[in-house]
Amino acid sequence: QVQLVESGGGSVQTGGSLRLSCAASGGTFSVYDMGWFRQAPGKEREFVARISWSGGSTSYADSVKGRFTITRDNAKNSVYLQMNSLKPEDTAVYYCAASHYKLASWGSWGQGTQVTVSS
């Protein structure tokens, strides 16, 4: 399984932007669909965005559509989450995840990076 390390979290004010990065190692990155999830205090982990192994297909949670953009660079074994127009309700630990394109489960997870949005 691929190993994942997130970075780029931090604290911003409402309306601000952050760009999260996730670096993969230990596997063939280009065969994995990649996703971002988040977990707020006291809540379950929820889906944020997904990008296919080729980058040709993306999907988003309704709560972030139009504000967040997921991209990937297979040459750099990395996936990114550009977050704009941030809201306090976006405050959470954000996790990167990988799913081999032949499977239907997220088999690898990063350790998470904290995003805090203040009003």
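Which residue stands opposite Cys22 in S3? Glu6 does. Let me build out from that pair. One thing up front: this is a predicted model.

Start with the strands. Glu6 faces Cys22 of S3, and the two strands involved are S1, residues 3-7, and S3. They pair in the antiparallel sense, over five bridges. S3 has a second partner, strand S8, residues 78-83. Six bridges join S3 and S8, and again the strands run antiparallel. To find your place there, look at Arg19, which stands opposite Gln82 in S8.

Now look at S3 itself, residues 18-25. In a regular strand the side chains alternate between the two faces of the sheet. S3 shows two such faces. Leu18, Leu20, Cys22 and Ala24 make up the covered face. Arg19, Ser21, Ala23 and Ser25 make up the uncovered one. So our first residue, Cys22, is on the covered face.

Next, strand S9, residues 92-100. Is S9 largely enclosed or open? Seven of its nine residues are buried, so the rest of the structure largely encloses S9. Its pairings come next. Strand S4, residues 32-39, runs antiparallel to S9, with eight bridges between them. Tyr32 stands opposite His100 there. Strand S11, residues 113-118, is joined to S9 by three bridges, also antiparallel. In that pairing Val93 has Gln114 as its bridge partner. Strand S10, residues 108-109, adds two bridges to S9, antiparallel once more. There, Ala98 stands opposite Ser108.

What links S3 to S9? A disulfide, between Cys22 and Cys96. The S to S distance is 2.1 Å. The pair ties together distant parts of the chain: Cys22 sits in strand S3, Cys96 in strand S9, and they are 74 residues apart. The count for this model is one disulfide. A disulfide is a covalent bond between the sulfur atoms of two cysteines. This one is left-handed, with -80 degrees about the S-S bond. Both ends are covered up: Cys22 is buried, and so is Cys96.

Now a charged side chain. Where is Arg38? In strand S4. Is Arg38 buried or exposed? Its relative accessibility is 5%, so Arg38 counts as buried, the cut-off being under 20%. Two polar contacts are worth finding on screen. The side chain of Arg38 meets the side chain of Ser63 at 3.4 Å. It also meets the side chain of Tyr94, at 2.9 Å. Leaving aside neighbours within four places in sequence, Arg38 also has contacts with Glu44, Glu46, Glu89 and Asp90, among others.

Follow that contact to Tyr94. Leaving aside neighbours within four places in sequence, Tyr94 touches a list of residues, including Glu6, Leu20, Trp36, Arg38, Leu81, Met83 and Val115. So Glu6, where we began, comes back here.

Last stop, the core. How many residues does the largest nonpolar core have? It has 30. Those with the most contacts inside it are Met34, Trp36, Val79, Leu81, Met83 and Tyr94. Several elements give two or more residues to this core: S3, S4, strand S5 (46-51), strand S7 (68-73), S8, S9 and S11.

To recap. The disulfide joins Cys22 to Cys96. Arg38 makes a polar contact with Tyr94. Tyr94 is among the core residues with the most contacts.

Note on methods:
Residues numbered from 1 in each chain as written. Predicted model: local features only at pLDDT ≥ 70, side-chain atom pairs only at ≥ 80, totals over all residues. Heavy atoms only, no water. Buried < 20%, exposed > 50% of the residue type's maximum accessible area, 1.4 Å probe, protein only. Helix = DSSP H or I, 4+ residues; strand = E, 2+ residues; numbered from the N terminus. Pairing = 2+ DSSP bridges. Disulfide = S-S within 2.5 Å. Polar contact = N/O pair within 3.5 Å; in protein donor to acceptor, adjacent residues only side chain to side chain. Contact = heavy atoms within 4.5 Å. Core = buried A, V, L, I, M, F, W, Y, C linked by side-chain atoms within 4.5 Å.
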